[in-house]
Amino acid sequence: MLKKLTIVIMILSVAVVFSELSAKPGENVFSFLHLGTGARASGMADAQVSYVNDAFACYWNPAGISRLGRSYFSLNYQSYFADIEYGTLAYTCKLNETAGFGIQIIYLDYGKIERTVENSDGNYDTGRSYGTYTAGDMALSLCYLSLIHI
C-alpha cells in the first residue's frame, strides 16, 4: 500500500511541475510569489527552505519561527530592469516557548508601461504615444506556529 501511495505522489508531483513549465504567459496567476526574498536566500539561489532563522521565515518555512531567539523585522527592496521594483516587509516573533507569529507584505511594481494600439492590418502603431499605465501585485502573508509535543 505504501509503495502505491509513493508512486501516486511521484506522478502527481511530476504532473504539477510540467504543468507549471508548460504554462504560457498570462495563463498562470501570482507568478510574482515565485521570486525569492531576503539577501541570504538570494545569495544562495533561493535555497532557503530548511534553515530559516530571520524575519522571512513566514515566506520560506513558518516552522523556522520555532528557532528564533527574539523578534525580527526586515525590509527587502530589489530593483530589476525596466523599472520593475520588488519589495517585502516582514515581522516575526516568538510569542512563548511553543508559539510564534509572523506577518509579511510582498509587492511588485511593474513600472510605467506604454499603451499600444493595434491597427486594422494587425501591426502596432508605434509612431504615436497613447500614454502609459502602471500595474502591480501585492500579497499579505500571516503565519502562526504552535509546537506539538508527541
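**Figure 1. Ile 103 stands opposite Leu 142, a residue of strand β4.** This close-up is taken from a predicted model. The view shows the pairing of strand β3 with strand β4, which covers residues 132-146. These two strands run antiparallel, and 14 bridges join them. For orientation, the secondary structure of the chain comes to 3 helices and 4 strands. Read from the N terminus, the order of these elements is α-α-α-β-β-β-β.

**Figure 2. Strands β1 and β2 form a hairpin.** Strand β1 consists of residues 72-79, and strand β2 consists of residues 85-94. The two strands are antiparallel and are joined by 8 bridges. Within this pairing, Tyr 77 has Gly 87 of β2 as its bridge partner. The turn of the hairpin places 5 residues between the strands.

**Figure 3. Strands β2 and β3 form a hairpin with 4 residues between them.** Strand β3 covers residues 99-114 and pairs with β2 in the antiparallel sense. The pairing extends over 10 bridges. Gly 87 appears here again, with Tyr 107 as its bridge partner in β3. Gly 87 is therefore a useful point of reference, being the partner of Tyr 77 as well.

**Figure 4. Two residues in the loop between β1 and β2 have a positive phi.** What is the value of phi at Ala 82? Phi of Ala 82 is near 60 degrees, a positive value, and the residue is not a glycine. Ala 82 is located in the loop between β1 and β2. Asp 83 lies in the loop between these strands too, and phi of Asp 83 is likewise near 60 degrees. In general, most residues other than glycine have a negative phi. Are these loop residues buried or exposed? Ala 82 has a relative accessible area of 56% and is therefore classed as exposed, the limit being over 50%. Asp 83 is exposed as well, with a relative accessible area of 56%.

**Figure 5. Asn 76 is a buried residue of strand β1.** The relative accessibility of Asn 76 is 11%, so the residue counts as buried. Which side chain does the side chain of Asn 76 meet in a polar contact? The partner is the side chain of Thr 37, at 3.2 Å. When neighbours within four places in sequence are left aside, the residues in contact with Asn 76 are Thr 37, Gly 38, Phe 56, Tyr 86, Gly 87 and Thr 88.

**Figure 6. The rings of Tyr 59 and Trp 60 form an aromatic pair.** The structure holds 1 aromatic pair. The ring centres of Tyr 59 and Trp 60 are 4.8 Å apart and the planes stand at 85 degrees, so the arrangement is edge-to-face. In general, the distance of the centres and the angle of the planes describe a pair of aromatic rings. Trp 60 counts as buried because its relative accessibility is 15%.

**Figure 7. Cys 93 is buried and is not bonded to another cysteine.** Why does the sulfur of Cys 93 form no bond with the sulfur of Cys 143? The sulfur in Cys 143 is the closest cysteine sulfur, yet the distance is 9.5 Å, which is too far for a bond. For comparison, a disulfide requires the two sulfur atoms to lie within 2.5 Å. A search of the whole structure finds 0 disulfides. The relative accessible area of Cys 93 is 10%, so this residue is buried. Cys 58 also counts as buried, because its relative accessibility is 9%.

**Figure 8. The chain as a whole gives the context for the close-ups.** The chain has 150 residues, and buried residues make up 24% of them. The accessible surface comes to about 10,800 Å². Carbon and sulfur atoms contribute 61% of that surface. Among the contacts with a separation of 6 or more, 49% join residues 24 or more positions apart.

Technical notes:
Residues numbered from 1 in each chain as written. Predicted model: local features only at pLDDT ≥ 70, side-chain atom pairs only at ≥ 80, totals over all residues. Heavy atoms only, no water. Pairing = 2+ DSSP bridges. Buried < 20%, exposed > 50% of the residue type's maximum accessible area, 1.4 Å probe, protein only. Polar contact = N/O pair within 3.5 Å; in protein donor to acceptor, adjacent residues only side chain to side chain. Contact = heavy atoms within 4.5 Å. Areas by Shrake-Rupley, 256 points an atom, 1.4 Å probe, with all protein chains shown as cover. Phe/Tyr/Trp six-rings, centres within 6.5 Å; stacked < 30°, edge-to-face > 60°.
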